[in-house]
Amino acid sequence: MGAAYFGMKKYEEGFMAFQEAYRLDPSILDRTSNYGTVIKTTELNQGMQNFYLAKIFAMNGQQEKAVSYC
């Protein structure tokens with residue numbers, strides 16, 4: 001859902017969807033999973049998506065992951 005919102009340039013809605021996904025399963029926002037890439041958006045929105053993902057990780061005390069999205 002978050003990736004769809006980012007694709008539509010609805011960044012706050014995407015951020016909230018990513019936050020909820022993280023709350024339900026903290027591993028969901030990892031760049032890859034056992035099933036391949038979890039989150040994929042268009043190249044145009046990648047910078048905004050990275051900013052918000054970094055924010056989520058920073059808010060949850062995962063500074064190394066946050067920095068990896070900068």
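This passage describes the main nonpolar core of a predicted model and the part that helix α3 plays in it.

The largest nonpolar core brings together 13 residues, and those with the most contacts inside it are Phe 18, Leu 29, Ile 56 and Phe 57. Two elements, α2 (11–24) and α3 (46–59), each give two or more residues to this core. Of the elements, α3 gives the most, with 5 residues.

It is worth taking a closer look at α3. This helix has 14 residues, and the distance from its first C-alpha to its last is 20 Å, close to the 20 Å expected at 1.5 Å a residue. Its buried residues are Gln 49, Asn 50, Tyr 52, Leu 53, Ala 54, Ile 56 and Phe 57, so polar side chains such as those of Gln 49 and Asn 50 appear in the list beside nonpolar ones. The cover over these buried residues includes α1 (2–7), α2 and α4 (63–68). After α3 comes Gly 61, which has a positive phi, near 75 degrees.

Phe 57 offers a good view of how these pieces meet. This residue lies in α3 and counts as buried because its relative accessibility is 0%, where the cut-off for buried is under 20%. Beyond its neighbours within four places in sequence, Phe 57 is in contact with Tyr 22, Leu 29, Gln 62, Lys 65, Ala 66 and Tyr 69. One of these partners, Tyr 22, is 35 residues away from Phe 57 along the chain, and the C-alpha atoms of the two are separated by 9.1 Å. Another partner, Leu 29, is listed with Phe 57 among the core residues with the most contacts.

Definitions and conventions:
Residues numbered from 1 in each chain as written. Predicted model: local features only at pLDDT ≥ 70, side-chain atom pairs only at ≥ 80, totals over all residues. Heavy atoms only, no water. Core = buried A, V, L, I, M, F, W, Y, C linked by side-chain atoms within 4.5 Å. Buried < 20%, exposed > 50% of the residue type's maximum accessible area, 1.4 Å probe, protein only. Helix = DSSP H or I, 4+ residues; strand = E, 2+ residues; numbered from the N terminus. Contact = heavy atoms within 4.5 Å. Expected span 1.5 Å × (residues − 1).
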